[in-house]
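Please take some time with the sequence and the model below, and follow the account of salt bridges, pockets and single residues with the structure in view.

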Amino acid sequence: MAAEHSLSAGSLDRITLLGLLITGAAVLGAPLWLMLLAPLFFGVPHVFGDIWVLFLRPSAPRDLIFWLGPGLLALVGLRVATALGHSAGSFWEQFAGIAVLLGGALYGRSPARGVGVALLALPALIWPSQAALWLGHAHNVVAVGFLLWLVPLRQSLPVASVFVLGMGAILSGGLDGQVPWDSAAGLGLPGLAKSLAPGLPEPWSSRLVLSFAFGQAIHYLCWVGLLPASTNFFERSSWPTTAWLLRLSLLGTVGLCAAAATDPLAVRSGYLSLVLFHGWMELGALAAGTVRR
């Protein structure tokens, strides 16, 4: 797909540099506060950024949502049922996720390749809990993939390079003992390690938590800033859709932050649970583009 460009190169350069500086400072200075606050302030806008880039930008495939829609609706319904205390189990969530992935692959008009993609995803049904865990980690990488795909290399390559170098530094132990792990309003390293790196001993558990914090920050930078800004989000012809997305993003963010004023951990957890669908949505769109190409 040809790269799209909306803002001037200089503006995107400044957005990129500022975003990377803030991300680096937050990861090194307060990773737990970053993991607590980033979903509350950027979670809703980043989901709408997803929707804009994948389905609403001027050159987006208009019929892709119909191929991904059934699986996405099932995922949202399962998450809502879980929130209401009627969990159907992780197996059915992975099944719905595979349906999204299969829909994206079949959108490429190649049934054989679509079946191949579905077969590659079958381990998610055998080990659903592990699949959900690794989906959480891997979908941060997908954002960088879309950045390289849709954004000029002048802006995307620095972000991708920082992402690779940062992940390398974290996972190789280069930042061991260099970041503070002070609790953030009750959000602590032991609880995060239990959910993001279950069963792993130190120092690998803290490395994996820190890599997730860094990856999530880059993920938000891509979907909230660089990808929408580079795909005509601020063009005059996009204003009607842009205005609605901005209003909904602002309303959702204010509501989320207001709810978090009394119990930020519970609201953060609830938000992350309800937006589980968006990781599969990104993978489904990536499958559609890859197979069709």
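In this predicted model, R207 is buried, since its relative accessible area is 11%, and this arginine forms a salt bridge with D176, in which the closest N and O atoms are 2.7 Å apart. The two partners belong to distant parts of the chain, for D176 sits in the loop between α8 and α9 while R207 is in helix α10, 31 residues apart. The aspartate is partly exposed, with a relative accessible area of 32%. Side chains of opposite charge can pair when their charged atoms come close.

How many salt bridges does the structure hold? There are two, and R79 with E93 is also such a pair, with 2.6 Å between the closest N and O atoms. Here again distant parts of the chain are linked, R79 being in helix α3 and E93 in helix α4, 14 residues apart. R79 counts as buried because its relative accessibility of 15% is under the 20% cut-off, and E93 counts as buried at 7%.

The empty space of the model can be considered next. Rolling a probe the size of a water molecule over the atoms shows where empty space is left. The largest pocket holds about 890 Å³ of space, and among the 34 residues that line this pocket, A132, G136, L196, L272 and L276 lie nearest its centre. Two or more lining residues come from each of the helices α2 (31-56), α3 (64-83), α4 (90-107), α7 (128-150), α9 (189-196), α10 (204-230), α12 (264-274) and α13 (277-292). Which element gives the largest share of this lining? That element is α7, which supplies eight residues. By kind, the lining of the largest pocket divides into 18 polar, 13 nonpolar and three charged residues.

The second largest pocket encloses about 440 Å³ of space, and of its 18 lining residues, those closest to the centre are I22, T23, F42, Y220 and L221. The elements that give two or more residues to this lining are α1 (9-29), α2 and α10. In the lining of the second largest pocket, 15 residues are nonpolar and three are polar, with no charged residue present.

Some single residues add detail to this picture, and a histidine in helix α13, H278, is one of them. Is H278 buried or exposed? With a relative accessible area of 7%, H278 is buried, and its side chain makes a polar contact with the side chain of H46 at 3.0 Å. When neighbours within four places in sequence are left aside, the residues in contact with H278 are H46, D50, H139 and H219.

Helix α10, already met as the place of R207, also contains S230. This serine is buried, with a relative accessible area of 0%, and its side chain reaches the backbone oxygen of L226 at 2.8 Å.

A169, in contrast, counts as partly exposed at 28% relative accessibility, and this alanine lies in helix α8, which covers residues 153-171. If residues up to four places away in sequence are not counted, A169 touches G174 and L175. Between the C-alpha atoms of A169 and S211 there is a separation of 9.4 Å, although the two residues are 42 residues apart along the chain.

Technical notes. Residues are numbered from 1 along each chain as its sequence is written. This is a predicted model: local features need pLDDT of at least 70, side-chain atom pairs count only at pLDDT 80 or more; totals for chains, interfaces and linings use all residues. Side-chain values use heavy atoms; hydrogens and water are left out. On a 1 Å grid over the protein atoms alone, a cavity is a set of points where a 1.4 Å probe fits but cannot get out, and a pocket is an open set with protein on both sides within 12 Å along at least five of seven lines; lining residues have an atom within 4 Å of a point. Grid points are joined across faces, edges and corners, and a volume is the space filled by probe spheres set on the points. Helices (H or I, at least four residues) and strands (E, at least two) are DSSP runs, numbered from the N terminus. Ala, Val, Leu, Ile, Met, Phe, Trp, Tyr, Cys and Pro count as nonpolar, Asp, Glu, Lys and Arg as charged, and the others, Gly among them, as polar. Buried means under 20% relative accessible area, exposed over 50%, partly exposed in between (1.4 Å probe, protein chains only). A polar contact is a pair of N or O atoms within 3.5 Å; within protein, one must be able to donate a hydrogen and the other to accept it, and residues adjacent in sequence count only if both atoms are side-chain atoms. Contact means heavy atoms within 4.5 Å. A salt bridge is a side-chain nitrogen of Lys or Arg within 4 Å of a carboxyl oxygen of Asp or Glu.
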